[in-house]
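User: I've got a structure open here and would like to talk it through with you. Could we start at the ligand and work outwards?

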Amino acid sequence: MTKQRVLSGVQPTGNLHLGNYLGAIRNWVEGQHQYDNFFCVVDLHAITVPHHPATLASDTYTIAALYLACGIDLAYSTIFVQSHVSAHAELAWLLNCITPLNWLTDMIQFKEKAVKQGENVSVGLLDYPVLMAADILLYDADKVPVGEDQKQHIELTRDIVNRLNHQYGKPDQPVLKSPQPLIRADGARIMSLTDGTKKMSKSDPSDMSRINLLDSPEVIQNKIKKCKTDPVRGLVFGDPDRPECNNLLTLYMLLSGKSKEDVAEECKDMGWGQFKPLLTEAAIAHLKPIQDKYHEIMNEKGYLESVLRDGREKASEIANETLCRVKLALGYSLPT
Ligand code: TYM
């Protein structure tokens, strides 16, 4: 039986943080043996808000190296850069022309990000979910492992598939395949260290709000020492009045690899002074092998380039086939 296909990606804007890792990449790694996987660094998405041209290329390499350092195995997975496969931009254009405008203005993430951009909000930011749909659909992906915040974009992708298939496919011969989101119960929404009601995010102006995968042990220690807590003694999961407590226990559970029951039992009578060193130790110990591997890979630049070259080749072949299929369905003639 052929394996189901997985596609996912991360934007190369700054550093990856524990939200990206625990919400997405960790799940890619754990599930990769089961699927045929494509993981891209979505650098076209990275320019939908103002970006730094001087660091775009190096950030892209950093993310690709972190995929490998986190455990993505090339025996099961293909790693590539979105802008290296031009079919992404081309399919996005075709999908644009069948996507109603109000589907995009309704997207939560657009509304949140647009507020921050004010008058400078770009068409690209509005169109971002259509490009994401193109990323997924080009590979006929069955599953898309992401954090909770991307769920609405995958629902939109499914709506676009239905619309395109309805307009241009035949009932027994759909043009595109409908993907399913793959969202884990734990870690799908990691919260900020400075406000347990806000998502941990790369765009938070304060670096104290997140733990980055490449933070040094001293920095991790300091961030956890200063993170927001509450005055209650005894730590519990799931109390809606204690969002920081739930988030920090979840981080501890996922980083230490302990079960929820064990963590609940271990921490039920603890105060923060006792808990914080435990979380610090678990975070540092979990990230050390990832950081060591990352530095090893970055010291061997030729290697990463060859990984991305191979990835581009494999991805392009599949993506171009799908693009041709869509163009034919829309009535285009293909170059002979
Ligand atoms: P991005 O780059 O914002 O985030 C990458 C992945 O990390 C997850 N994530 C989180 N998970 C848990 N808690 C958090 N605080 C947290 N913050 C981020 C995101 O859900 C995501 O899975 N549009 C996407 C990138 C993208 C994509 C795609 C993903 C483009 N094309 C195709 C899947 C398939 C994004 O901006 O993710």
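Analyst: Sure. This is a predicted model, and in it a polar backbone atom of G19 sits 3.1 Å from a nitrogen atom of the ligand.

User: How much of the ligand's accessible area does the protein cover?
Analyst: On its own, the ligand has 710 Å² of accessible area. With the protein around the ligand, the covered share of that area is 96%.

User: Which elements give two or more residues to the shell around the ligand?
Analyst: The shell holds 28 residues, with Q11, Y128, D135, D149 and I190 as the closest. Elements that supply two or more of the shell residues are β1 (5-10), α1 (18-31) and α6 (123-137).

User: How far is a polar side-chain atom of D135 from a nitrogen atom of the ligand?
Analyst: D135 is among the closest residues to the ligand. Here the contact comes from the side chain, whereas for M200 a polar backbone atom lies 2.9 Å from a ligand nitrogen. For the polar side-chain atom of D135, the distance to a nitrogen atom of the ligand is 2.6 Å.

User: And how many residues of the shell are charged?
Analyst: Split by class, the shell has 12 nonpolar and 11 polar residues. The number of charged residues is 5.

User: On to the strands. What is the handedness of the crossover from β1 to β2?
Analyst: β1 and β2 run parallel and are joined by 6 bridges; V6, for instance, has N37 in β2 as its bridge partner. Between these strands the chain passes through α1. This β-α-β crossover is right-handed.

User: Which helix does the chain pass through from β2 to β3?
Analyst: β2 (residues 36-41) and β3 (residues 77-81) are parallel too, with 5 bridges between them. C40 stands opposite F80, and N37 stands opposite S77. The crossover from β2 to β3 is right-handed, and the helix on the way is α2 (residues 53-70).

User: Which residues of β3 are buried on the side away from S77, I79 and V81?
Analyst: β3 is mostly covered, with 5 of its 5 residues buried; in β2 the count is 5 of 6. Both faces of β3 are covered, and S77, I79 and V81 make up one side. On the other side, the buried residues are T78 and F80.

User: Is V121 buried, partly exposed or exposed?
Analyst: V121 belongs to the loop between α5 (108-117) and α6. Its C-alpha atom is 8.6 Å from that of T48, 73 residues apart along the chain. The relative accessibility of V121 is 30%, and buried means under 20% while exposed means over 50%. Because its value falls between those cut-offs, V121 counts as partly exposed.

User: What is phi of D140?
Analyst: D140 is in the loop between α6 and β4 (143-145). Most residues other than glycine have a negative phi. D140 is a residue other than glycine with a positive value, near 50°.

Terms used. Residues numbered from 1 in each chain as written. Predicted model: local features only at pLDDT ≥ 70, side-chain atom pairs only at ≥ 80, totals over all residues. Heavy atoms only, no water. Near = heavy atom within 4 Å. Polar contact = N/O pair within 3.5 Å; in protein donor to acceptor, adjacent residues only side chain to side chain. Areas by Shrake-Rupley, 256 points an atom, 1.4 Å probe, with all protein chains shown as cover. Helix = DSSP H or I, 4+ residues; strand = E, 2+ residues; numbered from the N terminus. Nonpolar A, V, L, I, M, F, W, Y, C, P; charged D, E, K, R; others polar. Buried < 20%, exposed > 50% of the residue type's maximum accessible area, 1.4 Å probe, protein only. Pairing = 2+ DSSP bridges. Right-handed = clockwise from strand over helix to strand, strands pointing away.
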